Amino acid sequence: MNSKILTVYVVFFSGLFLSGCNSNFEFNDNESKIENKIDQSTALIDESMIQAMKIDKNAKKWAIDLYNLNKNHAFWIKSESISSDQALFFAYVNSDTALNIPFGYFSTPSYKNETTLFEKEVITALRCAEFLNLKDTSIFNHQKNTANISQRVSAEHFIDFFNAFDNPSWIAHLLNFKENNKHLVKMHLAMNKFTKKYGIETNTNSEIPTDLKDSLAVFHFISQQLMKRNFIEDTTLKQDELVEQLRQYQFLNGLNTDGAIGRNTIGALTETNYSRYLKGVLSIDKLRGFPDSLIGKKRIVINIPSYLLHLYIDDQIVNTSKVIVGTQKNQTPLFTATMQYFVVNPYWNVPYSIASKEILPHLKKDSSYLRRNNYTLLDRNKNILIADSINWKNISPSNFPYFVRQEPGPRNSLGLVKLMFPNDHAIYIHDTPSKSLFSRDERTFSHGCIRTEHPFKLAHDILASENHKYIDSVEHYLTLPKETYLILGEKFPVTIVYHTAGVNDSTQEVQFYKDIYKKEEEINQLFQSTPKEN
């Protein structure tokens with residue numbers, strides 16, 4: 001897409017995209033009032049003109065039906081011309097990149113430079129109808145890892161869209177029409193800025209230095225890769241300048257901005273912008289499926305690839321916390337449940353699989369392992385047993401007849417508090433004594449539960465949001481030798497999602513994350529051919 005056009009609409013419309021995110025439009029009945037809506041100064045587009053176009057028969061039928069409804073009047077063309085805003089809109093709708101869709105996904109290809117203005121309007125209407133259909137569906141089936149067939153809204157629905165125009169620009173109207181999720185629009189805009197600034201390149205050839213202590217080879221590798229990604233314009237930067245550019249690049253890719261070359265930074269440097277573009281496309285598509293019932297209310301959203309938890313109140317982020325999630329073997333599942341209560345000074349009832357497979361080998365070597373780690377051994381009637389009295393050599397994972405419980409305290413694996421949203425997966429948010437792990441780039445260390453860096457700040461923000469009568473009681477409960485339950489007055493949803501791209505809270509620019517569970521590999525394979533705009 002022409003970079004000058006992209007610059008204009010990205011800068012000029014940045015504030016406009018969000019202005020009407022939650023607008024509710026009232027539509028007129030097209031059949032009875034269409035005569036009053038037609039501007040008699042518009043040009044005419046009749047059936048013969050559409051039949052002569054090089055588009056498929058289904059597109060022709062849809063376009064003929066549309067213009068028949070509009071008494072063969074054009075929607076945008078007046079006196080064989082269109083306004084500057086309409087020209088930007090035409091260019092936007094006819095760019096797969098601007099629409100954040102896989103290249104070639106729409107059944108109607110973009111128009112060519114030599115296409116007549118009348119044909120450009122018809123093609124724009126056809127593509128616009130396909131984009132509008134995405135307001136109620138999605139590009140991908142994320143359960144089956146397949147792409148859905150692109151379809152159009154009805155001609156009547158398109159006229160509803162056209163007649164509802166009351167935005168400062170047609171692009172803003174397109175993005176905000178029927179869109180309740182303003183975070184989706186933010187993400188769409190952030191991706192527009194990314195593709196305009198860095199482009200969509202596919203340079204995969206790279207020679208990774210075998211010796212990362214060879215500063216000259218590493219310097220050359222970093223500068224070459226940053227230039228391939230259009231992050232720098234040449235490779236003549238001084239070392240301190242290159243390190244600063246690398247830090248910014250790490251930030252773009254959701255990594256620690258230490259300016260050091262490690263495994264994850266190497267992975268980001270060798271990843272193409274096309275791969276990042278697909279991450280953005282997938283994340284926007286997943287946002288289309290986010291339930292409207294959860295938008296605008298108090299909620300917690302945990303995104304696994306970013307290792308971040310967000311607490312939203314009235315659709316504003318009031319708490320952002322780093323989290324630790326499940327390992328590749330013990331992946332944190334994706335689901336929604338209801339936050340109901342906190343537990344202060346919790347016991348940890350060790351899951352049977354962990355007790356029999358992970359703790360038992362320690363007991364076979366040293367029966368004092370439980371005592372030293374503040375565990376209690378229980379029989380099936382919850383009677384306390386003495387671990388030293390048991391011949392552990394005769395116990396195996398298949399005949400482990402005990403329960404293991406870790407007592408409350410600062411060494412407890414759950415830390416000092418857990419936040420409970422009961423679910424079939426036995427997943428909850430909790431504290432952890434292993435604070436150093438939050439400084440890692442990759443934080444997949446749990447058995448599936450969510451460990452959060454600042455659990456007491458999160459608990460306080462939740463209690464404050466409902467003006468809970470025991471808002472200051474958590475610190476008091478910590479002094480008690482037993483676990484204490486704190487019931488919330490306002491229950492609210494907790495949703496665990498998997499998005500490999502998102503908008504940064506502070507900069508409002510897109511960031512990309514590693515596909516840590518490799519959930520998107522199959523879908524990416526659908527679009528791995530060399531990308532080319534229509």
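Modeller: Ala, Val, Leu, Ile, Met, Phe, Trp, Tyr, Cys and Pro count as nonpolar, Asp, Glu, Lys and Arg as charged, and the others, Gly among them, as polar. This is a predicted model: local features need pLDDT of at least 70 and side-chain atom pairs pLDDT 80 or more, while totals for chains, interfaces and linings use all residues. Residues are numbered from 1 along each chain as its sequence is written, and side-chain values use heavy atoms, without hydrogens or water.

Biologist: Which element gives the most to the lining of the largest cavity?

Modeller: This cavity (on a 1 Å grid over protein atoms alone, points where a 1.4 Å probe fits but cannot get out; lining residues have an atom within 4 Å of a point) is lined by Phe456, Ala459, His460, Leu463, Ile471, Val474 and Glu475. Two elements, numbered as DSSP runs from the N terminus (helices H or I, at least four residues; strands E, at least two), give two or more residues to the lining of the largest cavity: α17 (455–465) and α18 (474–478). The most, four residues, come from α17.

Biologist: What is the volume of the largest cavity?

Modeller: The structure holds two cavities of 30 Å³ or more. The lining of the largest cavity has five nonpolar, one polar and one charged residues. Its volume (the space filled by probe spheres set on grid points joined across faces, edges and corners) is about 60 Å³.

Biologist: How many nonpolar residues are in the lining of the second largest cavity?

Modeller: About 30 Å³ of space lies in the second largest cavity. Its lining residues are Val350, Pro351, Tyr352, Ala355, Phe400, Tyr402, Phe403 and Val404, with α15 and β12 (403–406) each giving two or more. There are no polar and no charged residues in this lining, and the nonpolar ones number eight.

Biologist: Which element supplies the largest share of the lining of the second largest pocket?

Modeller: This pocket (an open set of points with protein on both sides within 12 Å along at least five of seven lines) holds about 860 Å³ of space. Of its 38 lining residues, Trp348, Pro351, Ile354, His447 and Cys449 lie nearest the centre. By class, the lining has 17 nonpolar, 15 polar and six charged residues. The largest share, four residues, comes from α15.

Biologist: Which residue in β12 stands opposite Asn349?

Modeller: Four strands form an open sheet with antiparallel pairing (at least two DSSP bridges between strands), in the order β9-β12-β10-β11. β9 and β11 (384–385) each have a single partner strand and stand at the edges, so one side of each lacks a neighbour in the sheet. β9 pairs with β12 over two bridges. Opposite Asn349 in β12 stands Arg405.

Biologist: Is Asn100 buried or exposed?

Modeller: Most residues other than glycine have a negative phi. Asn100 is not a glycine, yet has a positive phi of about 55 degrees, and lies in the loop between α6 (96–99) and α7 (117–133). Buried means under 20% relative accessible area, exposed over 50%, and partly exposed in between (1.4 Å probe, protein chains only). At 0% relative accessibility, Asn100 counts as buried.

Biologist: What is the relative accessible area of Gln508?

Modeller: Gln508 lies in the loop between β18 (501–503) and β19 (510–512). Its phi is positive, near 60 degrees, in a residue other than glycine. Gln508 is partly exposed, with a relative accessible area of 35%.
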